[in-house]
Amino acid sequence: ATVGPLGSTSTGTELTSGATLDFGGFGVNIEPVSIIGTGVGGNGALVNSGGEQINAVRFLTLTGNASIGATANRYDIRGASAGSPGTLDMNNHTLTKTGSGYVAIVHTTVNPGTGHIDIAGGSLGLHATNTLNGSASNTITVRNTATLDCFQTGTWNNPGWAVLMDAGSTVTNSSGTAAGEGPGTLNGAAD
């Protein structure tokens, strides 16, 4: 077995409710990580207090509703490539992005079950080729002042997740062509 910063990558790392894994600018990459809860002080079960880390984690599993936080430094849930994707197994739970910073999901297969993504703060990016399994009953909710950023996004699987936008939220396409096929709902006044 390969040994990574958290020990053997074959056994994975499981965080319990109230715990936080701080990448500190480093990545666990192929180490499977399981999370639950909002982390220490409600700042997220995953955070990054170090420099930008675009290969923070490749295989992420939710064992309950969980928050990932970011303040100043970006980190990614990232597969190696479209042909060698990472996985985000949500197991019918909600993943909430908190904090003012940026987290990206890149080259990743998202298996939601009946789960949802809630962008409560900062930005969550969908980059390159992601496969969002599920249906229009799965939702990405973008809260006031939060952003869903699409960057060269190639795949939103049919029939597509529903995107729900609160007043004051933003959806951007910062590069390339983004194609989403799910329904969209604006909750509030549009400018």
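Here are four exercises with worked solutions on a predicted model.

**Exercise 1. Work out the strand order of the open six-stranded sheet, and find which strands sit at its edges.**

Step 1: Start with the order. Going across the open sheet, you meet the six strands as 7-9-12-15-18-20, and the pairing is parallel.

Step 2: Look for strands that pair on one side only. Those are strand 7 (53–57) and strand 20 (170–175), so they are the edge strands, given that each pairs on one side only.

Step 3: Now check the twist. It averages 25 degrees from one strand to the next.

Step 4: Zoom in on one pairing in this sheet. Strand 15 (residues 123–127) and strand 18 (residues 147–151) run parallel and are joined by five bridges. Histidine 127, for example, has phenylalanine 151 in strand 18 as its bridge partner.

**Exercise 2. Classify the aromatic pair of phenylalanine 23 and tyrosine 75: which kind is it?**

Step 1: Recall what you need. A pair of aromatic rings is described by the distance of the centres and the angle of the planes.

Step 2: Count the pairs. The structure holds one.

Step 3: Read off the geometry. The ring centres of phenylalanine 23 and tyrosine 75 are 5.3 Å apart and the planes make 55 degrees, so the pair is tilted. The cut-offs behind that are under 30 degrees for stacked and over 60 for edge-to-face, with the rest called tilted.

Step 4: Place the two residues. Phenylalanine 23 is in the loop between strand 4 (21–22) and strand 5 (33–37), while tyrosine 75 is in strand 9 (residues 75–78); the pair links parts of the chain 52 residues apart.

Step 5: Ask how accessible they are. Both phenylalanine 23 and tyrosine 75 are buried. Tyrosine 75 has 0% relative accessibility, so it counts as buried. Beyond its neighbours within four places in sequence, tyrosine 75 touches a list of residues including Phe23, Leu46, Ile68 and Tyr102.

**Exercise 3. Follow the parallel pairings that involve strand 13 and strand 14: how many bridges does each have?**

Step 1: Take strand 13 (residues 108–111). Four bridges join strand 10 (residues 86–89) to strand 13, and threonine 87 has threonine 109 as its bridge partner.

Step 2: Go on from strand 13 to strand 16 (residues 131–132). Here there are two bridges, and valine 110 is partnered with leucine 132.

Step 3: Turn to strand 14 (residues 116–119). Strand 11 (residues 94–98) is joined to strand 14 by four bridges, with leucine 95 opposite isoleucine 117.

Step 4: Finish with strand 17 (residues 139–142). Strand 14 pairs with strand 17 over three bridges, and aspartate 118 has threonine 141 as its partner.

**Exercise 4. Trace the salt bridges of arginine 143: which residues does arginine 143 meet, and are they buried or exposed?**

Step 1: Start with the total. The structure holds four salt bridges.

Step 2: Find one partner. Aspartate 118 and arginine 143 meet at 3.0 Å, N to O. Aspartate 118 lies in strand 14 and arginine 143 in the loop between strand 17 and strand 18, so the pair ties together parts 25 residues apart in sequence.

Step 3: Find another. Arginine 143 also forms a salt bridge with aspartate 166, with the closest N and O atoms 3.3 Å apart. Aspartate 166 is in strand 19 (residues 162–166), 23 residues from arginine 143.

Step 4: Compare accessibility with the cut-off for buried, under 20%. Aspartate 118 is at 15%, so it is buried, and aspartate 166 is buried at 18%. Arginine 143, at 32%, counts as partly exposed.

Terms used. Residues numbered from 1 in each chain as written. Predicted model: local features only at pLDDT ≥ 70, side-chain atom pairs only at ≥ 80, totals over all residues. Heavy atoms only, no water. Axes fitted to C-alpha atoms, helices over the stretch in contact; angles between N-to-C directions. Phe/Tyr/Trp six-rings, centres within 6.5 Å; stacked < 30°, edge-to-face > 60°. Buried < 20%, exposed > 50% of the residue type's maximum accessible area, 1.4 Å probe, protein only. Contact = heavy atoms within 4.5 Å. Salt bridge = Lys/Arg side-chain N within 4 Å of Asp/Glu carboxyl O.
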